[in-house]
Amino acid sequence: MCGIVAYIGPKDATAFLLEGLQRLEYRGYDSAGIAVTGKTGGLKVCKTKGRVADLAAAVPARFKGATGIGHTRWATHGVPSDANAHPHLDNAERIAVVHNGIIENAEELRAKLSADGAVFRSETDTETLSHLIAAHLGEGTDLEDAVRSALKKVVGTYGIAVLDATQPDRIVVARNGSPIVLGLGEKEMFVASDVAALVRYTRQVVHLEDGELAVVKADGFRTFTEDARTVTRQPSTVDWEIDSYDTAGHEHYLHKEIHEQPASVERTLGGRLDERFSTAHLGGLNLDARELREIRRVKILGCGSAYYAGEMGAQLIEELARIPAHSEPASEFRYRNPVIEADTLYIAVSQSGETYDTLAAVQEIKRKGGRVLGVVNTVGSAIARECDGGIYLHAGPEISVASTKAFTSTVIAFALLALHFGRIHDLSPADGRRIVAGLKALPGQIREILAEEEKIAALAAEYAKHEGMMFIGRVRGFPVAREGAQKLKEISYVHAEAYPASELKHGPLALINPDLPTVALVPDDELLDKNLTTLGEIKARAGRVLAVAHREVDTKLADHTVVVPRSEPELDPLLLNIPLQLLAYYAAVALGRDVDKPRNLAKSVTVE
C-alpha cells in the first residue's frame, strides 16, 4: 500500500522525491522518508513520522544528491514512528531500501542476521532487506547481483528500490506482487509505484512483471529475472494529463471525483454502444458469440467497493442475460478451495488492477484452468496483464482513497457486459434499445443529481450528528445500501450497517430508535409498496428516515426525501448511489475528517 519514488540523473533528486511522494500519499500516509547520494558517494537520509508535508519541513536546506529514493508508508510491521519510517539502512549505512509489501519470513531472516552481527533499529520487516543485501555485497560485487541473491532468500511480496552509497550511478528495483514502474526521461530515469508520480516528467513508462528486477541508470535501464536471465520490456505511453492528478479547485479529490462522474461515465461508454443492433461492443473480452453462449455461470470477485459493484453487476447479468451470476469477496475466495468450473466465467474487479487479494484469486483460477476477465481502471496493471481479456474503465485517475467514479464506471462496465451477454442470449431488440437509451441518458441524469448538492449537504450535516446509521434496500437496492454504508464508514467514521429491507424485521428492527436514522432506497419499481411498508415499520418505532426515491415520499413515512431521476429499472441503482456519495462526503466534512486520507486506510491494497 505504500508509495515508492526514485530518481537518477543530472538534477537534484530531492525536489522530485518530495513532489512524487505528495502525489502518492494516498497510498500511505503515516510516515515518510528519503535518501540521496551524490557522485562522491555517502548517504543522506531524512525520515519522519507523519505526512509528506512534515518530511518536507524536516529536510535540511543543503540536502542534495543526483540519485535518490523515497517512500510514504502505510504501517504493517511496527507502529508509525521515525524509526519505522523508510528508507531502512544496513549497519554500515551503505545500503538504503524502500519497500512496499510484506516479507513473510522476516522473523526468520532477522534472527539469522542478528546472529551474524546485524543490529536492527526498527520493528519493520523491511529492515531485514537492507541487512540481507549488505550481507551479499562482497569486494567488487555489483549491487544488482547482491539484490538478486538476497531476494532468493525472501518469501513474500515486494516492490523495492535500493541505493548503494558506493555505487551512486545506479538504483536497483524489483517487483513481486507489488507494482514498480520505470519512467524514461532525457538522460534521467524515474521510478515509482504508481504513474501518478511520473506524469509531470515523462509519458514513457515500463511496468515490471512479478519476479523481475531492473538496474536503472541515468542513461537507461536493464531488466532481468532473479536467475539473471535478461528480459526485454518495451515502453508504453501514459494517456492521462498532469491536470488529472490535481484537485482543480475542489476542496478535496473526493469532491472532484464525484463531480467528474458524468464525464467518466461518458468515457466508459465511449464507442461501446451499438445502436444498430441494440447491444454493446466489447472487443477486449477476447470471446466470440459462440464461446459466450457456452458460459453457464458468472462469478465476480472483488474487495470492498469492487465487491459491491460486483453484486450490482451480478444482478444486471442475471436480469438482462438470464445467466446465474454471483459476487463474492476475492479475499475469501481462494481460501475455501473453490471448485473451478469450465463453463463458468470469472471476472476480477479492481480499480488499481494491483489489489493483492484479487490478483491472488486470479492466479488461483488460472492455475486450475479457469477463464478470467478483468474489469480494471489502470492500463498495464498486474490484473489486466494476468487476465484472458476484459474491460478497461477509462474512468481517469482516482486519487481519493474512497472510490466514487471508478465504482460508477465499474457498474457501467457490468451493464455493458450484461447487455452484450443478453443480446447474444434472449434479450429482445426492444429491451436492448431500452437499455442503450438508458445508458446514454445517465451522464445527464447524474448532472441533475449533482445539482442538488446543497440540499444533500444540509441533510448530511444534520444526520452526521448521530453515532450510527442504517442503510436498507431491496433486491437491486441492497448492493447500493452496502456501498452507501461503506462510504459513510470509510470517510466519516460514523458506524453504518446495511441490510436488505426485507430482513429488517428479522432482527435489525430491534436497533431502531430516534438516535439511529435509516437511509432507505425506495425506487418506484415493482417493490415500491413493500418498501413503503418497511418505512412504516420504522416510523412506528420512532425511527428517522431519509429516503432516496424517484418521488417525494409521504412525510408520515420519511422525514426527508432526496429525489433522483428515473432510469430503466435495471440501471436505477447507478443513480440511487450518487446521493449516498454526497451524503458520506458532506458528513465527513461536517465532522472535520481528513476526507481524502481516512485513518487506517490506503488506496491500493497490495498486501494481504
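Helix α9, residues 305–321, lies across three strands, β18, β19 and β20 (344–350). Against β19 the helix runs at about 175°. Keep in mind as you look around that this is a predicted model. Those three strands belong to an open sheet of 5 strands, so the sheet is a handy place to start, given that strands of a sheet pair through backbone hydrogen bonds.

**The sheet under α9**

- Reading across the sheet, the order is β19-β18-β20-β21-β22, and the pairing is parallel.
- β19 (325–329) and β22 (389–392) sit at the edges, each pairing on one side only.
- On average, and ignoring direction, neighbouring strands here are turned by 20° against each other.
- Strand β18 covers residues 297–302 and runs parallel to β19, with 5 bridges joining the two.
- Want a specific pair to look up? Gly 302 has Pro 329 in β19 as its bridge partner.

**Salt bridges around β18**

- The whole model has 42 salt bridges.
- Lys 299 and Glu 328 form one of them, at 3.3 Å from N to O.
- That pair ties strand β18, home of Lys 299, to strand β19, home of Glu 328, and the two residues are 29 apart in the chain.
- Both ends are tucked away: Glu 328 is buried with a relative accessible area of 8%, and Lys 299 is buried at 15%.
- Arg 297 also has a partner, Glu 341, with the closest N and O atoms 3.8 Å apart.
- Here the link goes from strand β18 to the loop between α10 (330–333) and β20, spanning 44 residues.
- This time both ends are partly exposed, Arg 297 at 40% relative accessible area and Glu 341 at 32%.

**Salt bridges elsewhere**

- Lys 256 and Glu 260 meet at 3.5 Å, N to O, and Lys 256 counts as buried at 5% relative accessibility.
- A network of salt bridges with shared partners takes in Asp 142, Glu 144, Asp 169, Arg 170, Lys 217 and Arg 222.

**Nonpolar cores**

- In soluble globular proteins, nonpolar side chains tend to be buried together.
- The largest nonpolar core in this model has 90 residues, and those with the most contacts inside it include Val 298, Ile 317, Ile 347 and Phe 414.
- Beyond its close sequence neighbours, Ile 347 is in contact with several residues, among them Val 298, Ile 300, Leu 373, Val 375 and Leu 417.
- There's a second, separate core of 30 residues, which includes Leu 17, Leu 24, Tyr 26 and Tyr 253.

**Helix α13**

- α13 runs from 405 to 424, and its 20 residues reach 29 Å from first C-alpha to last, close to the expected 28 Å.
- Because 19 of its 20 residues are buried, α13 is largely enclosed by the rest of the structure.

**Backbone oddities**

- His 86 and Pro 87 are joined by a cis peptide bond, with omega at about 0°.
- You'll find Pro 87 in the loop between β4 (67–73) and β5 (88–89).
- Arg 322 isn't a glycine, yet its phi is positive, near 60°.
- Arg 322 sits in the loop between α9 and β19, and at 64% relative accessibility this residue counts as exposed.
- Tyr 493 also has a positive phi without being a glycine, at about 65°.
- Look for Tyr 493 in the loop between α16 (477–492) and β24 (495–500), where the residue is partly exposed at 22% relative accessibility.

Note on methods: Residues numbered from 1 in each chain as written. Predicted model: local features only at pLDDT ≥ 70, side-chain atom pairs only at ≥ 80, totals over all residues. Heavy atoms only, no water. Pairing = 2+ DSSP bridges. Helix = DSSP H or I, 4+ residues; strand = E, 2+ residues; numbered from the N terminus. Axes fitted to C-alpha atoms, helices over the stretch in contact; angles between N-to-C directions. Contact = heavy atoms within 4.5 Å. Core = buried A, V, L, I, M, F, W, Y, C linked by side-chain atoms within 4.5 Å. Buried < 20%, exposed > 50% of the residue type's maximum accessible area, 1.4 Å probe, protein only. Expected span 1.5 Å × (residues − 1). Salt bridge = Lys/Arg side-chain N within 4 Å of Asp/Glu carboxyl O. Lists of a residue's contacts leave out its neighbours within four places in sequence.
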